[in-house]
Amino acid sequence: MSATPEPTARADHLNSRTMLSTAAYLSDAQISYGVDTDIPQAMQSMDPWTVTLTTEHGSESFPYFMGRGHNGAEPEVADLIYSLVSDASFLECEPDQVTYETGKAIEANTAKMAHLFGSYWPTLQQMDEDQIREIF
């Protein structure tokens, strides 16, 4: 009698990837230059972008800033998503390291992502940058 092999981490990852890409996939992403919010002083020298993501759960817009070293290159959707995942993780692990205003902005963006991706948001939060790039 042979035992059923344990699923590999790769199989688990592919399973997560399939779930994300089929059940909470992006149906649209719009990227435009500029933001319709006050630009924080620390980001005044950066290129401001607005990224609007749409899933089956609705649409949400996010401001996204890139340093001038990108020479005006448009950000990729994976850049924004990884940034939001990283921000949420940092706030959770190091809440004393962010200002009140920054913490509130991260909380608002995390709520938007939870709305867009529903029950798949926690799965997405566990992925590293390479895994996020594979999906988006």
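How much space lies in the largest pocket? In this predicted model, the answer comes to about 770 Å³. A total of 24 residues line the largest pocket, and those nearest its centre are Met-43, Pro-63, Phe-65, Ala-105 and Asn-109. Three elements give two or more residues to that lining, namely strand S3 (58-66), helix H2 (77-93) and helix H3 (100-117). H3 chips in with the largest share, 7 residues. Sorted by class, the lining splits into 13 nonpolar, 6 polar and 5 charged residues.

Now for the chain as a whole. Its secondary structure adds up to 5 helices and 3 strands, and, read from the N terminus, the elements go α-β-β-β-α-α-α-α. The chain has 136 residues, and 32% of them count as buried.

Strand S3, already met in the pocket lining, is also where Glu-60 sits. Which side chain of opposite charge is nearest to Glu-60? That would be Lys-112, but the two are 4.7 Å apart, and Glu-60 is left buried with no salt bridge. The cut-off for a salt bridge is 4 Å between a side-chain nitrogen of Lys or Arg and a carboxyl oxygen of Asp or Glu, so the 4.7 Å separation from Lys-112 does not make the cut. Glu-60 does have a polar partner, though: its side chain makes a polar contact with the side chain of His-115, at 3.1 Å.

Past S3, the loop between S3 and H2 holds Ala-73. Ala-73 has a relative accessibility of 36%, so it counts as partly exposed. Along the chain, Ala-73 and Asp-47 are 26 residues apart, while their C-alpha atoms are separated by 9.1 Å.

On to the charged pairs. Side chains of opposite charge can pair when their charged atoms come close. The structure holds 5 salt bridges, and Arg-133 turns up in several of the pairs described here. One of its partners is Glu-76, with the closest N and O atoms 3.3 Å apart. Because Arg-133 lies in helix H5 (residues 129-135) and Glu-76 in the loop between S3 and H2, this pair ties together parts that are 57 residues apart in sequence. Both ends are partly exposed: Arg-133 has a relative accessible area of 33%, and Glu-76 comes in at 48% relative accessibility.

Asp-79 is another salt-bridge partner of Arg-133, and here the closest N and O atoms are 2.3 Å apart. Since Asp-79 lies in helix H2 and Arg-133 in helix H5, the pair links parts that are 54 residues apart in sequence. Is Asp-79 buried or exposed? At 18% relative accessibility, Asp-79 counts as buried, given that the label applies under 20%.

Arg-133 also forms a salt bridge with Glu-129, where the closest N and O atoms are 3.5 Å apart. This one stays within helix H5: the two residues are 4 apart there, so about one helical turn separates them. Glu-129 is partly exposed, with a relative accessible area of 34%. Put together, salt bridges that share partners join Glu-76, Asp-79, Glu-129 and Arg-133 into one network.

Note on methods: Residues numbered from 1 in each chain as written. Predicted model: local features only at pLDDT ≥ 70, side-chain atom pairs only at ≥ 80, totals over all residues. Heavy atoms only, no water. 1 Å grid on protein atoms, 1.4 Å probe; cavity = no way out; pocket = protein on both sides within 12 Å on 5 of 7 lines; lining within 4 Å. Points joined across faces, edges and corners; volume = space filled by probe spheres on them. Nonpolar A, V, L, I, M, F, W, Y, C, P; charged D, E, K, R; others polar. Buried < 20%, exposed > 50% of the residue type's maximum accessible area, 1.4 Å probe, protein only. Lys, Arg positive; Asp, Glu negative; His and termini not counted. Polar contact = N/O pair within 3.5 Å; in protein donor to acceptor, adjacent residues only side chain to side chain.
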